[in-house]
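Here is a short briefing to read alongside your sequence and structure. Keep the 3D view open as you go through the topics.

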Amino acid sequence: MFDFSLLKRVFQFAAPYKKKFYISITLAIVLAVITPIRPFLIQKTVNVYIQHSLADLLLQITFWQILLIIIETILRFYFTFITAWLGQTVVKDMRVKVYNKILGLNLSQFDKTPIGTLTTRTINDIETINDIFAEGLIPILADLLSIVAILFSMFWISWKLTLICLIPFPILIIATYYFKESVNKSFHRVRNAVASLNAFVQEHITGMQIVQAFAAEDREFEKFKNINKEHRNANIKAIFAYSIFFPVVEIILALSLGLLVWFGAHQALGLPENEGKEIVGVVIGFMLLLNMLFRPLRVIADKFNVLQMGMVASERVFKVLDNEDFIPPSAADAYAPTGHIKGKVQFDHVSFAYVEENYVLKNISFIINPGETFALVGHTGSGKTSIISLLNRLYHIQKGTIRIDDVNIENYQLDALRSKIGVVLQDVFLFSGSVMDNVTLRNPEITKEQVIEAAKLIGMHDFIMQLPGGYDYNVMERGATLSMGQRQLLSFIRTLLYDPSILILDEATSSIDTESEQLIQKAIDTLIAGRTSIVIAHRLSTIRKADKILVLDKGEIKELGSHDELLAQQGYYYKLHQMQFEKQQKVA
């Protein structure tokens, strides 16, 4: 069933350009009106001016026909251009809105939605919506108006001849129906195959290092070939339908022309000579009208399918726009502190689950006072990273409250909240671009002098200056041309530049060698001075100086205290410490 409510939503994006839309509709009507005029003029030319040798009038009517062709060509060009312009403009606006929505989605959506699928929605599906304007609804309306105008002209000239010519049309209607259904199913398969291809290629190019490291190239290549084969088969089925339908249309046109000539000749034989001659002009005019009639009929079924695929694509796009799992915009009166904040952090009976009721944090409560260094320790999967993700409002909590400076983080303006929190993650992501772009994130307020000062503090300035182009050096996608340690150090520069009040170090030194770790340790000490710092570390030796250490296991708090206090208790933390100490002794 065709969803008109969905079509209405699509056309809401064209509302700012309604003047262009109305012009395109007006042009469709004008073209439909003037299309049958040329065959009528040719009929008159043959029956009146040629047969009666009226040379002067023949030149005049020829001039008017040429002028009409020029006018029709100009109008058709403008109609095609304006509908395509309208489609591309709507696509541009819609793509901006979709991308803006994706930017605001909660991270849980990216955890369960393949990147390639979102890429398809943002690029391929939205591009398909362009066809609703360029090749879909408006061109279909223009074609239907042309068909009505041509049929009206044919009945007006000779209703008997028109009915004779329309005898094969039931065959065309049946063929059009089956063609539409066949191609529609094929296009659905094509769209699904395109989404699968995008998701597969995106994922495997990103994870190419793993594919090659485990010699899985052949297996993954076979998977790709199967997905690609499905894409090919879907397209071939559509091509097969086209290959049958268009010859059938040509055959039906030939039958109509044959019936036209037969009936016209049969009628001429029964008329006086002077009346019989007029049949010649009528038959020629009808031939032109039939060709004009079949021109839109050849493609109208295809255009209906294009329109339907545009509707399918729009449905997928609107699913992204209607996604309720997004970060709500900050209220007009949301708290937006300027300058540094104190940095008091409080978790009050917080429980959180990524999926339904499978809680990864269970009734977590603690307080970090301003300026304290607070460490989170525990086995992998204990909930350490989840805690810092919630502090940044990357996910919604199901139960409890998180406060910063005694203000619920839900009441903060989101940009203001995140600007006060600096994060150095274990897995550093660098964008394709220069060192300068990556450490400033293209913030025009950060000067090059500030970047150099921060780089010197970290101890990276000399290394950066040795790179080709220095701070303009392109690190490539994901920082492929730099080592893990170098990427980590760049992330420290990035954090320093944004001068946060609360600092989060998530395994910040885990990927750095001993020399690099010593290099940045002094910078870290300088960075955390006077700031509230939350440190996640597997190596307990790096958090001995922490004011408090929170020990987590399976999302629950096991212990809380200083390093010495927890060792004295000889509990969970003590066992972790002993295990690491014994492991280090064995390695030594």
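The notes below go from the whole chain to a sheet, a buried glutamate, a glycine and some salt bridges.

Please bear in mind that this is a predicted model. The chain has 588 residues, and 47% of them are buried. It contains 20 helices and 10 strands.

**The chain as a whole**

- Of the contacts with a separation of 6 or more, 78% are between residues 24 or more positions apart.
- The accessible surface is about 31,100 Å², and carbon and sulfur atoms contribute 60% of that.

**An open sheet of four strands**

- Four strands make up an open sheet with antiparallel pairing, and their order is 2-1-4-5.
- Strand 2 (358-368) and strand 5 (407-408) are the edge strands; each has a single partner strand, so one side of each has no neighbour in the sheet.
- Strand 1 (residues 345-355) runs antiparallel to strand 2, and seven bridges join the two.
- Two pairs to look for across these strands are A353 with its bridge partner Y359 in strand 2, and F347 opposite F366 in strand 2.
- The hairpin of strand 1 and strand 2 has two residues between the strands, and E356 in this hairpin takes a positive phi near 45 degrees.

**E559, a buried glutamate**

- E559 sits in strand 10 (residues 556-561).
- Although E559 is buried, it has no salt bridge. The nearest side chain of opposite charge belongs to K575, 8.3 Å away.
- What does the side chain of E559 reach at 2.9 Å? That partner is the backbone nitrogen of Y573.
- The backbone nitrogen of Y572 is also worth a look, as it lies 2.7 Å from a polar atom of the E559 side chain.
- Beyond its neighbours within four places in sequence, E559 has contacts that include I549, L550, V551, L566 and Q569.

**G383, a glycine in a loop**

- G383 is found in the loop between strand 3 (373-378) and helix 12 (384-391).
- Is G383 buried or exposed? Its relative accessibility is 8%, so G383 counts as buried.
- G383 and L552 are 169 residues apart in sequence, yet their C-alpha atoms are 7.0 Å apart in space.
- Outside its neighbours within four places in sequence, G383 is in contact with V360, L361 and L552.

**Salt bridges across the chain**

- The structure holds 14 salt bridges.
- One of them pairs the side chains of R38 and E72, at 3.3 Å from N to O. This pair links distant parts of the chain, with R38 in helix 3 (residues 37-50) and E72 in helix 4 (residues 55-104), 34 residues apart.
- E72 has a relative accessibility of 5%, so E72 counts as buried.
- Another salt bridge joins E230 to R189, with their closest N and O atoms 3.0 Å apart. E230 is in helix 10 (residues 217-269) and R189 is in helix 8 (residues 169-206), so this pair ties together parts 41 residues apart in sequence.
- Both ends of that bridge count as partly exposed, E230 at 32% relative accessibility and R189 at 28%.
- D406 and K344 also meet through their side chains in a salt bridge, at 3.2 Å from N to O. D406 lies in the loop between strand 4 (399-404) and strand 5, while K344 lies in the loop between helix 11 (273-321) and strand 1, 62 residues apart.
- D406 is exposed, with a relative accessible area of 51%, whereas K344 is partly exposed at 24%.
- Salt bridges with shared partners join R38, E72 and R76 into one network.

Methods:
Residues numbered from 1 in each chain as written. Predicted model: local features only at pLDDT ≥ 70, side-chain atom pairs only at ≥ 80, totals over all residues. Heavy atoms only, no water. Buried < 20%, exposed > 50% of the residue type's maximum accessible area, 1.4 Å probe, protein only. Contact = heavy atoms within 4.5 Å. Areas by Shrake-Rupley, 256 points an atom, 1.4 Å probe, with all protein chains shown as cover. Lys, Arg positive; Asp, Glu negative; His and termini not counted. Salt bridge = Lys/Arg side-chain N within 4 Å of Asp/Glu carboxyl O. Polar contact = N/O pair within 3.5 Å; in protein donor to acceptor, adjacent residues only side chain to side chain. Pairing = 2+ DSSP bridges.
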